[in-house]
Amino acid sequence: MTDATDIASRIDHTILAAEASAAQVDQVIDEALQHRFAAVCVNPIFISHVRARLRESDVQPCTVIGFPLGANTAAMKAGEAAMAVRSGAAEVDVVCHLPHLLAEDLLAARGELMEVVYAVREIRRNVVVKAIIESALLLRDVSADQGEARIKTACQAVREAGCDFIKTSTGFHPAGGASVEAVRLMAQHGENLKVKASGGVRTRADAEQMLHAGADRLGCSASVSIVADV
């Protein structure tokens with residue numbers, strides 16, 4: 001069994017519901033500080049507040065870009081990401097344009113992510129960029145070989161664009177969230193990329209499965225119960 005402290009240090013404690021209030025965000029920040037989670041991940045409207053509250057800690061302020069559909073233009077995502085970094089985000093999780101990934105269009109997928117990476121690193125060179133690929137969608141209703149080919153292409157695009165992480169899911173797509181198989185494939189084909197498993201990671205057992213499959217980071221809203229579960 002993985003140590004609870006080790007699991008906590010890999011969790012992005014997340015609150016992304018559209019109706020989330022400032023008070024609820026503050027509760028998530030308090031929990032992250034108490035348990036020493038890796039990051040607090042919020043919608044962009046809250047990022048400056050999160051940054052201010054986390055300033056004296058090692059917990060990182062994280063926000064989402066093009067969320068949850070990934071259907072904005074690359075320029076819009078780049079602008080949103082740049083504004084988020086200026087507002088205090090140390091990490092940005094950007095939703096890829098899913099048709100590029102479904103079509104295995106490496107050049108288009110890489111191109112949009114390069115715009116985001118360039119925009120944020122012009123402002124701060126050490127911003128962590130995580131690319132969300134909706135892995136459950138890429139693996140759905142296709143052969144195992146085609147699903148793996150899609151994941152492999154997504155990994156290549158994310159890596160060559162200069163991102164730090166490849167991330168399974170937003171947690172909002174009807175295809176589903178993280179799976180052990182998706183994480184395994186992402187770890188296999190990611191090379192130097194780190195892997196974030198997000199979407200449906202609700203229990204200690206879920207977390208351990210994802211870490212053992214190759215995840216470096218977990219996106220969770222049930223973070224407190226995960227680290228308390230024995």
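**View 1. The barrel of parallel strands in this predicted model.** In this model, which is predicted, 8 strands close into a barrel in the order β1-β2-β3-β4-β5-β6-β7-β8, and their pairing is parallel. Within this sheet, neighbouring strands are turned against each other by 25 degrees on average, when direction is ignored. One of the pairings is that of β4, residues 91–95, with β5, where the two strands run parallel and are joined by 5 bridges. A residue to look for here is V94, whose bridge partner in β5 is A131.

**View 2. Helix α2 against strands β1 and β2.** Helix α2, made up of residues 22–35, lies across β1 (11–15) and β2 (39–42), and the helix runs at about 165 degrees to β1.

**View 3. The nonpolar cores, with V40 in the close-up.** The largest nonpolar core has 64 residues, and those with the most contacts inside this core are V40, I133, I166 and L218. Helix α8 gives the most to this core, with 6 residues. Apart from this core lies another, of 5 residues, among them L16, C41, C62 and V64. When residues up to four places away in sequence are not counted, V40 touches H13, V28, I29, A32, V50, L54, V59, Q60, P61 and C62.

**View 4. Helix α8 and its packing partners.** Helix α8 has 18 residues and reaches 26 Å from its first C-alpha to its last, close to the 26 Å expected at 1.5 Å a residue. Its buried residues are G147, R150, I151, T153, A154, C155, A157, V158, R159 and A161. These buried residues of α8 pack against the helices α5 (98–102), α6 (106–121), α7 (135–139) and α9 (180–189), and also against the strands β5 (128–132) and β6 (165–167). After α8 comes G162, whose phi is positive, near 95 degrees.

**View 5. T153 within helix α8.** T153 has its place in helix α8, which spans residues 144–161. With a relative accessible area of 16%, T153 counts as buried, because this value falls under the 20% cut-off. Leaving aside its neighbours within four places in sequence, T153 is in contact with E104 and L106.

**View 6. Helix α6 and what covers it.** Helix α6 has 16 residues and reaches 22 Å from its first C-alpha to its last, which is close to the 22 Å expected at 1.5 Å a residue. The residues A109, E112, L113, V116, V117, A119, V120 and R121 of α6 are buried, and what covers them includes α4 (74–86), β4, α5, β5 and α8.

**View 7. Cysteines C96 and C155, without disulfides.** A disulfide is a covalent bond between the sulfur atoms of two cysteines. A search of the whole structure finds 0 disulfides. For C96, the closest cysteine sulfur is that of C163, at 7.1 Å, and this is too far for a bond because a disulfide needs sulfur atoms within 2.5 Å. C155 is likewise in no disulfide, and the nearest cysteine sulfur, that of C96, is 11 Å away. Both cysteines named in the title of this view are buried, C96 with a relative accessible area of 2% and C155 with a relative accessible area of 0%.

Conventions. Residues are numbered from 1 along each chain as its sequence is written. This is a predicted model: local features need pLDDT of at least 70, side-chain atom pairs count only at pLDDT 80 or more; totals for chains, interfaces and linings use all residues. Side-chain values use heavy atoms; hydrogens and water are left out. Helices (H or I, at least four residues) and strands (E, at least two) are DSSP runs, numbered from the N terminus. Buried means under 20% relative accessible area, exposed over 50%, partly exposed in between (1.4 Å probe, protein chains only). Contact means heavy atoms within 4.5 Å. The expected span of a helix is 1.5 Å times one less than its number of residues. A nonpolar core is a set of buried Ala, Val, Leu, Ile, Met, Phe, Trp, Tyr and Cys residues joined through side-chain atoms within 4.5 Å. Two strands pair if DSSP finds at least two bridges between them. Axes are lines fitted to C-alpha atoms, for helices over the stretch in contact, and angles run from 0 to 180 degrees between N-to-C directions.
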